[in-house]
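Colleague: Before we look, could you promise to give me the reasoning behind each term you use, and not only the term?

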Amino acid sequence: MPELTAALETIRPELMNVTRLFGLPESVWDEPVRYRMDTEETPEKYIITFTDGTDSATGEAEIPSDPDLRVQALHRRRAARRLCKQTLYDLCRKTTGIHPPWGSMTGVRPTHLMLEALAEGLTPEDAIERMVDRFDVLRPKAELLAEIALTQRKLPAPGDRWIDVYIGIPFCTTRCAYCSFSSGEIGNGRLVPPYMNALEKEIRGCAEILRRSGRTLRALYVGGGTPTALPENDFRRLMALIAECFPGALEYTVEAGRPDTITREKLRAVLDAGVRRISINPQTMNDRTLKVIGRAHTAAQVVEAYRLAREEGIPHINMDVIAGLPGENEGDFARTMEAARALRPESLTVHTLAIKRSSRMSLENAPLPDGEMTARMVAMGMETARSLGLVPYYMYRQKYMAGNLENTGYALPGHACLYNVDMMEETSHVLAMGAGGISKRIWPEEGHITRAPNVSNIEEYIRRTDEMLERKREIFPEA
Ligand code: SF4
């Protein structure tokens, strides 16, 4: 079968990602498919034409060759896929008149491409040009990327000798309407004691794996879920365990996402364990929206949690907010930003709501703002961050984001969260504990990652902790 035709048969999901960039419904891929696809191969070239009614776009690419047939096959597959995606992108651009903010970038990490360009020796200006020319990225987005890449290059470089640690607490007080994690509601707390026992076993086992692997702890992150949803005694036990088993990290973070779970005693436990960075996340400072999205707290509780954390002397508080929440307009988002300016977090992460189309049904009574309004909210988030002296240091994109925008983390100079950067760039080994945690061994030379996932079901995790530990011993053997 001609290579281009073969590529077309396997990349339907990637082509769907392209049409999604233009807000086209997934039904354009139902049979009979909306597009006609005509392919042609000469000895030197792949040629493809996508046709939509009377509009069409044609793309051509040279067929790569290499003395190593395996490498040649790989390069040819890549070239054929890229050509199909790019040509469909050109056609959609023509038929819809839409210019997606991140151009034709799908399934790639934008910062990764920028870091690669800089590593090749391009100046930031030339790297920006490359993003604009090659991927049709809007210039302000390309400039944002360059700024982020330059900040990241000042951080301690990752490498084989380092390892990050993640500890997951899969409990929350209530479930947010947009949640995509496997966390459950803590309910009557029945699962907490057996979960904590299993986790302690895994933490002690992993401390041993880390020591025997001969590597050095880099950044430690306690996430979930909401770790502070644990009862005080369990939370203090967890913090003490971390201090005992994982001393000496370059950075420690504990998610304290829900303000209604934060108490003075928990904040003291955090500080006693040597943790200096926590995250208190309002998502929005509008009580009406908080109710719609299923968070059982008020904006006033957020203010109170910040006051308490400051009083106890937490030096670094991160704030997460979401642009594009159901029922919100620019005025609502402006109120959230006003609160951010008053609370002065050391870092601010501006997310864009990502929600699968199917979930939108449940939000009928609170319509989602459109892509353009969400884009203005995201811009407002950036202005607020800059007015607080924060600079962008990491960003990532997800499927189904409103307006095909992005999530961007801003921090005061010297306050970039190493763990966040490591996760987005996938340049650091990760030893992950707790239900749903995914350990990763990075093979930079091969461009490959070996993953050892923990089961995400809490009860199963409790039963199978030994097996989870064994999976990690296999990918991080004794040095
Ligand atoms: S706080 Fe986070 S993990 Fe918990 S329900 Fe909300 S989105 Fe999910």
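Colleague: Which residue in β11 is the bridge partner of Val321?

Modeller: This is a predicted model, and in it the bridge partner of Val321 is Val350, which lies in β11. Taken as whole strands, β10 and β11 pair in the parallel sense over 6 bridges.

Colleague: What makes β10 and β11 a pair of strands?

Modeller: Two strands are said to pair if at least two bridges are found between them, and β10 and β11 have 6 bridges, so they satisfy that condition. Strand β9 (residues 277-279) also pairs with β10 in the parallel sense, over 3 bridges, and there the bridge partner of Ser279 is Asn318 in β10.

Colleague: Why is the unit of β10, α12 and β11 called right-handed?

Modeller: The word applies if, with the strands pointing away from the viewer, the path from the first strand over the helix to the second runs clockwise; β10, α12 and β11 make a right-handed β-α-β unit, so their path has that clockwise sense.

Colleague: How do you know that the span of α12 agrees with its number of residues?

Modeller: Helix α12 covers residues 330-343, and at 1.5 Å a residue its 14 residues should span 20 Å; since its end C-alpha atoms are 20 Å apart, the two values agree.

Colleague: Which residues of α12 are buried, and what makes them line one face of the helix?

Modeller: The buried residues are Phe333, Thr336, Met337, Ala339, Ala340 and Leu343. Seen down the axis of α12, these buried residues fall within an arc of 155°, so they line one face of the helix. The face turned away from that buried side carries the exposed residues Gly331, Glu338 and Ala342. As for what covers the buried residues of α12, it includes α11 (299-312), β10 (316-323), β11 (347-352) and α13 (371-387), and β10 is itself mostly covered, with 7 of its 8 residues buried.

Colleague: Why is Arg212 called partly exposed?

Modeller: A residue is buried with 20 or more C-beta neighbours within 10 Å and exposed with 12 or fewer; Arg212 has 13 inside 10 Å, which is why it counts as partly exposed. Arg212 lies in helix α7 (residues 192-213) and, leaving aside its neighbours within four places in sequence, is in contact with Glu478 and Ala479.

Colleague: What is the strand order of the open sheet of 3 strands, and what makes β1 and β3 its edge strands?

Modeller: The order is β1-β2-β3, with antiparallel pairing. The strands β1 (36-41) and β3 (55-62) are the edges in that each pairs on one side only. Strand β2 (residues 45-52) is joined to β3 by 8 bridges, and Thr49 stands opposite Thr58 in β3.

Colleague: Which helix packs on this sheet, touching β2 and β3, and how do you know that its span agrees with its number of residues?

Modeller: Helix α3 (residues 69-96) packs there, and its direction makes about 155° with that of β3. At 1.5 Å a residue, the 28 residues of α3 should span 40 Å, and its end C-alpha atoms are 40 Å apart, which agrees. Its buried residues include Leu83, Leu88 and Leu91, and among the elements covering the buried residues of α3 are α1, β2 and β3. Just after α3, Gly97 takes a positive phi of about 75°.

Methods:
Residues are numbered from 1 along each chain as its sequence is written. This is a predicted model: local features need pLDDT of at least 70, side-chain atom pairs count only at pLDDT 80 or more; totals for chains, interfaces and linings use all residues. Helices (H or I, at least four residues) and strands (E, at least two) are DSSP runs, numbered from the N terminus. The expected span of a helix is 1.5 Å times one less than its number of residues. The arc is that of the directions from the helix axis to the C-beta atoms. Two residues are in contact if their C-beta atoms, placed from the backbone, lie within 7 Å. Axes are lines fitted to C-alpha atoms, for helices over the stretch in contact, and angles run from 0 to 180 degrees between N-to-C directions.
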